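The following exercises are to be worked with the sequence and the coordinates at hand. Each task is followed by a solution in steps.

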Amino acid sequence: MTLPPTPSQTIGPFFAVGLPWPDGPDVVPEGTLGAIRIGGRVLDGAGDPVPDALVETWQADPQGRFAHPDDPRGPADPGFRGFGRCPTDAEGRWAVRTVKPGPLPAPGGGVEAPHLNVSVFARGLLGRLVTRVYFPDEPGANAADPLLGSIPDPAVRARLVAVADGDRLRFDIHLQGDQETPFLAI
Amino acid sequence: MSETLKGQAGSGLVVPPYPPEAPGTHPPLDYPDYRSTRLRFPRRPLVALPQRLGEVTGPLLGEGRVGQRDHDLTVQHPGEPLGERIVVEGRVLDGAGRPVGGTLVEVWQANAGGRYRHDGDQHPAPLDPNFSGAGRCVTDAEGRFRFVTVKPGAYPWGNHHNAWRPAHIHFSVFGRAFVQRLITQMYFPGDPLFTFDPILSSVPQAARERLVSRLDMGLTTPEWALGYRWDIVLRGRDATPLEDGEDDG
């Protein structure tokens with residue numbers, strides 16, 4: 001039996017009625033060893049902040065394991081949620097508190113560099129956008145990453161790598177424009 | 001990189017694949033009739049991301065997040081909300097027809113007068129002190145969800161002159177994998193506003209009816225509430241997993 005899939009619709013401007021969670025941005029609890037803040041701004045094609053976007057993240061634990069039974073290599077750290085959710089504020093800012101994930105096995109014996117999968121929803125987006133955040137202190141792993149390697153233009157590729165900003169990592173999401181973030185087809 | 005990881009790839013790492021959805025399912029991101037898309041849709045082609053561990057897994061957020069009465073939007077305040085009381089029930093299924101159990105379903109909606117409890121909603125319709133408009137539940141083993149609420153009202157918006165949204169309830173569903181995540185809207189049968197609404201009309205015509213619930217007299221409760229039934233079908237998972245390392249993506 002094959003059922004036709006349900007189409008996507010925009011999240012609209014009023015999702016704050018139901019979707020934000022008090023602990024949404026806490027992929028890991030405050031005080032977790034090695035916790036970092038990753039965030040930035042969501043900007044539109046005119047460079048203006050997008051104050052009604054929802055950013056979600058999904059990632060492995062520091063050993064590269066997922067809190068999910070379909071990870072065939074065994075369980076993640078007990079209690080590791082792996083998921084973050086943050087609505088943007090009036091300035092388009094979002095942020096999550098997390099830990100750096102481990103690398104992941106990839107096809108052909110390769111390795112995926114540590115990264116976060118990211119979903120972006122907003123008023124004006126009729127479907128989800130998907131992108132990734134890679135880490136600036138992993139130049140070797142990033143150079144060997146299959147997805148990054150599939151993007152020929154180094155300037156475009158670099159937009160998937162967060163920027164160190166004091167004790168935080170900054171990752172701006174440009175929906176459109178000269179600095180448009182590479183979005184992914186899954 | 002670690003030798004352990006290298007050793008694991010291609011030596012028994014099994015990743016269940018989720019085939020692409022048929023063209024004609026989802027709306028295009030570039031859809032000028034919905035004005036807010038103009039500065040927000042990406043203009044560069046999407047980069048292909050082969051499915052690996054991070055795509056076939058996803059957040060499994062269940063019971064701990066949902067209170068016993070969170071599925072009933074009519075009991076969250078001291079009094080009952082105004083409006084037409086309804087029951088909305090359905091199943092979350094995958095493309096192969098299998099139930100997706102244990103998955104979080106979140107909903108939000110306007111009140112019966114067409115007003116959201118949100119600072120940004122300027123529609124001069126009254127707020128209802130007995131209605132917040134948010135609910136959540138976790139599907140059972142058969143993939144079933146059930147909400148009790150009031151039918152949301154239509155409301156005007158600024159997209160074009162005399163623009164009105166048909167009555168709808170927003171749905172957010174996780175499924176079991178990052179690739180299955182879906183946010184969408186459920187509509188009510190026979191709404192005369194359908195043809196004027198660019199958001200529903202953005203969906204390819206043949207797929208539009210999948211967003212419209214149906215009145216179900218079996219679900220309708222005598223002397224109490226009308227019942228609307230609506231199933232959500234997430235991207236399907238292939239029956240046969242493929243072994244990582246045998247596929248170049």
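**Exercise 1. Locate two residues of chain B with unusual backbone angles and classify their exposure.**

Solution. The model is a predicted one.

Step 1. Asn162(B) lies in the loop that connects β7 (155–157) and β8 (163–165) of chain B. Its phi is near 60 degrees, a positive value in a residue other than glycine.

Step 2. A residue is classed as exposed if 12 or fewer other C-beta atoms lie within 10 Å of its own. Asn162(B) has 7 C-beta neighbours inside 10 Å and therefore counts as exposed.

Step 3. Glu223(B) belongs to the loop between β11 (214–215) and β12 (226–229) of chain B. Here too phi is near 60 degrees, positive in a residue other than glycine. With 4 other C-beta atoms within 10 Å, Glu223(B) is exposed.

**Exercise 2. Describe the overall make-up of each chain, and assess the dimensions of chain A.**

Solution.

Step 1. Chain A contains 3 helices and 12 strands, and chain B contains 4 helices and 14 strands.

Step 2. Of the 186 residues in chain A, 55% are buried; of the 249 residues in chain B, the buried portion is 44%.

Step 3. Consider the contacts with a separation of 6 or more. In chain A, 70% of them link residues 24 or more positions apart. In chain B the corresponding value is 73%.

Step 4. A compact globule of 186 residues would have a radius of gyration near 16 Å; the value for chain A is 17 Å, so the two agree. Along the principal axes, the C-alpha atoms of chain A fill a box of roughly 45 × 40 × 35 Å.

**Exercise 3. Derive the strand order of a four-stranded open sheet in each chain, and identify the edge strands.**

Solution.

Step 1. In chain A, 4 strands form an open sheet in the order β3-β2-β7-β8, with antiparallel pairing. Its edges are β3 (83–87) and β8 (129–134) of chain A; each has a single partner strand, so one side of each is left without a neighbour in the sheet. The twist from one strand to the next averages 25 degrees.

Step 2. Within this sheet, strand β2 (residues 53–58) of chain A is paired with β3(A) through 5 bridges in the antiparallel sense. Val55(A) has Cys86(A) in β3(A) as its bridge partner.

Step 3. In chain B, an open sheet of 4 strands follows the order β5-β4-β9-β10, and its pairing is antiparallel. The edge positions belong to β5 (134–138) and β10 (182–187) of chain B, each of which has a single partner strand, so one side of each lacks a neighbour in the sheet. The twist averages 20 degrees from one strand to the next.

Step 4. Strand β4 (residues 104–108) and strand β9 (residues 168–173) of chain B are joined by 4 bridges in the antiparallel sense. Opposite Val107(B) stands Phe171(B) in β9(B).

**Exercise 4. Determine how strand β4 of chain A is placed, and characterise the largest nonpolar core.**

Solution.

Step 1. In strand β4 (residues 93–98) of chain A, 5 of the 6 residues are buried, so the strand is largely enclosed by the rest of the structure. Strand β1 (residues 36–43) of chain A runs antiparallel to β4(A) and is joined to it by 6 bridges. Arg37(A) stands opposite Arg97(A) in β4(A).

Step 2. The largest nonpolar core comprises 104 residues, and Val42(A) and Val120(A) have the most contacts inside it. Strand β7 (residues 115–122) of chain A gives the most to this core, namely 5 residues.

Step 3. Neighbours within four places in sequence being set aside, the contacts of Val120(A) are Val42(A), Ala53(A), Val55(A), Arg128(A), Leu129(A) and Ile173(A).

**Exercise 5. Characterise the contact between the two chains.**

Solution.

Step 1. Chain A supplies 66 residues to the contact and chain B supplies 78 residues. On the side of chain A that touches chain B, β7(A) gives the most, with 4 residues.

Step 2. By class, this side of chain A has 38 nonpolar, 20 polar and 8 charged residues.

Step 3. Strand pairing also crosses between the chains: β12(A) and strand β2 (residues 47–48) of chain B run parallel and are joined by 2 bridges. Leu184(A) has Val47(B) in β2(B) as its bridge partner.

Definitions and conventions: Residues are numbered from 1 along each chain as its sequence is written. Chains are lettered from A and ligands numbered from 1 in the order in which they are written. This is a predicted model: local features need pLDDT of at least 70, side-chain atom pairs count only at pLDDT 80 or more; totals for chains, interfaces and linings use all residues. A residue is buried if 20 or more other C-beta atoms lie within 10 Å of its own, exposed if 12 or fewer, and partly exposed in between; C-beta atoms are placed from the backbone. Two strands pair if DSSP finds at least two bridges between them. Two residues are in contact if their C-beta atoms, placed from the backbone, lie within 7 Å. A nonpolar core is a set of buried Ala, Val, Leu, Ile, Met, Phe, Trp, Tyr and Cys residues joined through C-beta atoms within 7 Å. Ala, Val, Leu, Ile, Met, Phe, Trp, Tyr, Cys and Pro count as nonpolar, Asp, Glu, Lys and Arg as charged, and the others, Gly among them, as polar. Axes are lines fitted to C-alpha atoms, for helices over the stretch in contact, and angles run from 0 to 180 degrees between N-to-C directions. The radius of gyration is taken over C-alpha atoms; the globule rule is 2.2 Å times the number of residues to the power 0.38.
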